[in-house]
Amino acid sequence: MYVLPALPYDPDALSPFVSADTLRTHHGKHHKTYVDKTNDLAAKAGLAGRPLEEVVREAHRREDKSLFNNAAQAWNHAFFWRCMRPAGGGGPEGELLRAIDESFDGLDALKEAFVTEGAGHFASGWVWLVTGPQGLKVISTHDADDTLVRDGVFPLLVCDLWEHAYYLDYKNDRKGFLERWFDNVANWAFAAEQLAASNGGGDGFRYPAPEGEGRAAPDSNEPGVHPTV
Ligand code: MN3
């Protein structure tokens, strides 16, 4: 069984930039529903007990849209909660700051790229800061689509562009949401951990391992070796 990961902070900890009302509904209703459906559909697809990252990739390979959509959304939201922190924003430091300076000519230019991409993205999806062979980039993906199924892309930070992420607090002002999110909520310490992982310094974010019955028998993978994120 895939679990709904607990929020890494209290529901009111990101207020007023993301309200407790938004966060409770987003986590307790939207994210929970994706996790529940993933449990149901992964079992039917014979994939229960596999790491969620594998389920997302396998569903994509099989073109199993409903499993892909729910599993990818379960993963994306778990990643998204980590991309926010109370008293976030401010400035990245160290290697991440150097990488931002190199690829964007500074944090202000990154903010401009991130907000413009997110505000201009048509309908639902996600705006990401990613790293890859060409350095850092801002991209957006539609609906549940995520970076797990893209080669050469490693996610550092994401913001949810679905209306349920901001409508209670900002109505239709997605740009205003993204600007305040970037300045006050973005978790640069997490993005820096992801960047270090992409450079071989660790595993990077992984969804919590499935629990209880339904966990698959170990396969031929070497013990202790994690699939690449
Ligand atoms: Mn969402």
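**Exercise 1. The manganese site**

Determine which protein atoms are the donors of the manganese ion in this predicted model, and how the donor residues are spaced in sequence.

*Solution.* Begin with the atoms around the metal: the protein donors are NE2 of His26, NE2 of His77, OD of Asp160 and NE2 of His164, and they lie 2.0 to 2.2 Å from the manganese ion. Next, place these residues along the chain, where their spacing reads H-x50-H-x82-D-x3-H. Then take the pair His77 and Asp160: because His77 belongs to helix H3 (residues 65-82) while Asp160 belongs to strand E3 (residues 154-160), the pair ties together parts that are 83 residues apart in sequence. Finally, consider accessibility, for which the cut-off for buried is under 20% relative accessible area. His77 has a relative accessible area of 0% and is therefore buried, and Asp160, with a value of 0%, is buried as well.

**Exercise 2. Aromatic pairs**

Classify the ring pairs Phe114 with Phe182 and Phe190 with Phe205, and work out where in the chain their members lie.

*Solution.* The model holds 16 aromatic pairs. In one of them, Phe114 and Phe182 have 5.7 Å from centre to centre and 55° between their planes, a tilted arrangement. Since Phe114 sits in helix H5 (residues 107-120) and Phe182 in helix H7 (residues 174-184), this pair ties together parts 68 residues apart in sequence. Phe114 is buried at a relative accessible area of 0%, and Phe182 is buried at 3%.

For Phe190 and Phe205, the ring centres are 6.4 Å apart and the planes stand at 75°, so the pair is edge-to-face. Phe190 is in helix H8 (residues 188-201) and Phe205 in the segment after H8, 15 residues apart, and the pair thereby links distant parts of the chain. Phe190 counts as buried at 2% relative accessibility, and Phe205 is buried at 8%. As a last step, look at the wider network: ring pairs link a cluster whose members include Phe114, Phe182, Phe190 and Phe205, with Trp75, Phe79 and Trp188 also among them.

**Exercise 3. The surroundings of His121**

Establish where His121 is found, and which polar contact joins its side chain to that of another histidine.

*Solution.* His121 is found in the loop between H5 and strand E1 (125-132), and its relative accessible area of 7% makes it buried. Its side chain reaches the backbone oxygen of Ser124 at 3.0 Å, while a polar contact of 3.2 Å joins the side chains of His121 and His142. Beyond its neighbours within four places in sequence, His121 is in contact with Ser140, Thr141, His142, Leu161 and Arg174.

Definitions and conventions. Residues are numbered from 1 along each chain as its sequence is written. This is a predicted model: local features need pLDDT of at least 70, side-chain atom pairs count only at pLDDT 80 or more; totals for chains, interfaces and linings use all residues. Side-chain values use heavy atoms; hydrogens and water are left out. Donors are N, O and S atoms within 2.8 Å of the metal (3.2 Å for Na, K and Ca); water is not among the atoms, so sites may look incomplete. Helices (H or I, at least four residues) and strands (E, at least two) are DSSP runs, numbered from the N terminus. Buried means under 20% relative accessible area, exposed over 50%, partly exposed in between (1.4 Å probe, protein chains only). Rings of Phe, Tyr and Trp (its six-membered ring) pair if their centres lie within 6.5 Å; planes under 30 degrees apart count as stacked, over 60 as edge-to-face and the rest as tilted. A polar contact is a pair of N or O atoms within 3.5 Å; within protein, one must be able to donate a hydrogen and the other to accept it, and residues adjacent in sequence count only if both atoms are side-chain atoms. Contact means heavy atoms within 4.5 Å.
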